[in-house]
Amino acid sequence: FLFRGHGTFVENEEIKSSLAGILERVNKLILVRPLKARYNGEIGDLVIGRVTEIQQKRWKVDANSRLDSALLLASVNLPGGELRRRSVEDERMMRQYLSEGDLISAEVQNLFSDGVLSLHTRNLKYGKLSQGLFVSVPPSLIKRCKTHFHTICGASLIIGTNGYIWICPTSTTTEEGTGGFARNLDLVIGPTEREAIARIHCCIMILAECRMLIYDTSIVAAHEASLNYSVHELMTPEVKLEIAIGAQMKLQSGL
């Protein structure tokens, strides 16, 4: 005897799906996870978000969830790595740390009772994102891995579990002692790095369009399958299909 969960209904004593998605089974519980849905956060998840509003002692962040997430002033590193209570002066300086429209990487610290995610950037690997390319895919396609920071084929990737992905040159690094708020906008990104970023972006979009799981191994497989084509050819329908089939074969054969 099976129990029906989310995304299912009973008809003629049979459990049927009420939506298109991925079937999951937990012991005797049957549920269907939709292919397209908002992000449901879990504590410890790495997310990428965009600051939408500055409020009293907190920033509101769009993290692709049902409600805007909250990044408290007490949950960020102060410039210089100071460890002290946040003062009124820090509250006045909030817009200099992060302003509306800034992209950040953060970790889910807590879940409030109303469903709002509480974020933190206390680790120096989190913070404001500088020069790079932002990609959005359905959160259900992101595979949870041990680490979501990768260096692949000449570019650095941050794969957020909320479906937001950041691709940047490997030369952009966070400056020590800035609390994760520094951005080097004077750095010139060469044509080779730009082409590497564009190729990886195309590979991620092909994987998302073909409903394949997105993680470091699948991106490498798609990248290797795309090397026979130039970047501007990658988004034609015939080439997309060939790259998707090639990536699937590489994944099945274990690369």
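# A guided tour of the predicted model

Begin by selecting S69, whose place is in strand β8 (residues 69-76). The model is predicted, and the values quoted along this route are computed from it. With a relative accessibility of 1%, S69 counts as buried, since the cut-off for that class is under 20%. Display its surroundings next: beyond the neighbours within four places in sequence, S69 is in contact with W59, K60, V61, A63, V116, L117 and L119.

**Confidence colouring**

Colour the chain by pLDDT before going further. The chain averages 88, and 93% of the residues score at least 70. Confidence is highest in strand β7 (residues 58-62), at a mean of 95, and lowest in strand β4 (residues 21-26), at 84. As a general caution, predicted coordinates should not be read in detail where pLDDT is low.

**The hairpin of β4 and β5**

Select β4 together with strand β5 (residues 29-34). These two strands pair in the antiparallel sense over six bridges. To fix the register, pick R25, which stands opposite I30 in β5. Two residues lie between the strands of this hairpin, and N27 takes a positive phi near 55 degrees there. N27 is not a glycine. Is N27 buried or exposed? At 68% relative accessibility, N27 counts as exposed.

The backbone of N27 merits a pause, because most residues other than glycine have a negative phi. A further residue to select for this reason is E13, a non-glycine residue with a positive phi near 60 degrees. E13 is found in the loop between β2 (8-11) and β3 (14-17). Its relative accessibility of 80% places E13 among the exposed residues.

**The four-stranded sheet**

Now select β12, β13, β14 and β15. In which order do the four strands form the open sheet? The order is β12-β15-β14-β13, with antiparallel pairing. The edges are taken by β12 (133-136) and β13 (149-152); each has a single partner strand, so one side of each is left without a neighbour in the sheet. Viewed along the sheet, neighbouring strands are turned by 25 degrees against each other on average, direction ignored.

Restrict the view to β12 and strand β15 (residues 164-169), which pair in the antiparallel sense over four bridges. In this pairing S136 stands opposite Y164 in β15. Then add helix α3 (residues 191-209), which packs on the sheet and touches β12, β13, β14 (155-159) and β15. The direction of α3 makes about 160 degrees with that of β15. Helix α4 (residues 216-226) comes next: it lies across β13 and β14 and runs at about 15 degrees to β13.

**G132, ahead of β12**

Move to G132, found in the loop between β11 (127-128) and β12. G132 is partly exposed, with a relative accessible area of 39%. Leaving out residues up to four places away in sequence, G132 touches W166, I167 and C168. Draw a distance from the C-alpha atom of G132 to that of I197: the two are separated by 8.2 Å, although the residues are 65 apart along the chain.

**Aromatic rings**

Show the aromatic side chains. How many aromatic pairs does the structure hold? The structure holds two. Y126 and F149 form a tilted pair, at 6.2 Å centre to centre and with 35 degrees between the planes. Y126 lies in the loop between β10 (117-121) and β11, and F149 in strand β13, so the pair ties together parts that are 23 residues apart in sequence. Y126 counts as buried at 6% relative accessibility, whereas F149 counts as partly exposed at 28%.

F134 and Y164 form an edge-to-face pair, with 4.9 Å between centres and 65 degrees between the planes. This pair links distant parts of the chain, with F134 in strand β12 and Y164 in strand β15, 30 residues apart. F134 is partly exposed at 29% relative accessibility, and Y164 is buried at 9%.

**Charges over rings**

Keep F134 selected and add R50, which lies over the face of F134 at 5.7 Å from the ring centre. The final stop is K143 with Y215: the charged end of K143 sits over the ring of Y215, 4.4 Å from its centre.

How values were computed:
Residues numbered from 1 in each chain as written. Heavy atoms only, no water. Pairing = 2+ DSSP bridges. Axes fitted to C-alpha atoms, helices over the stretch in contact; angles between N-to-C directions. Contact = heavy atoms within 4.5 Å. Buried < 20%, exposed > 50% of the residue type's maximum accessible area, 1.4 Å probe, protein only. pLDDT = per-residue confidence, 0-100. Phe/Tyr/Trp six-rings, centres within 6.5 Å; stacked < 30°, edge-to-face > 60°. Lys NZ or Arg CZ within 6 Å of the ring centre and 35° of its normal.
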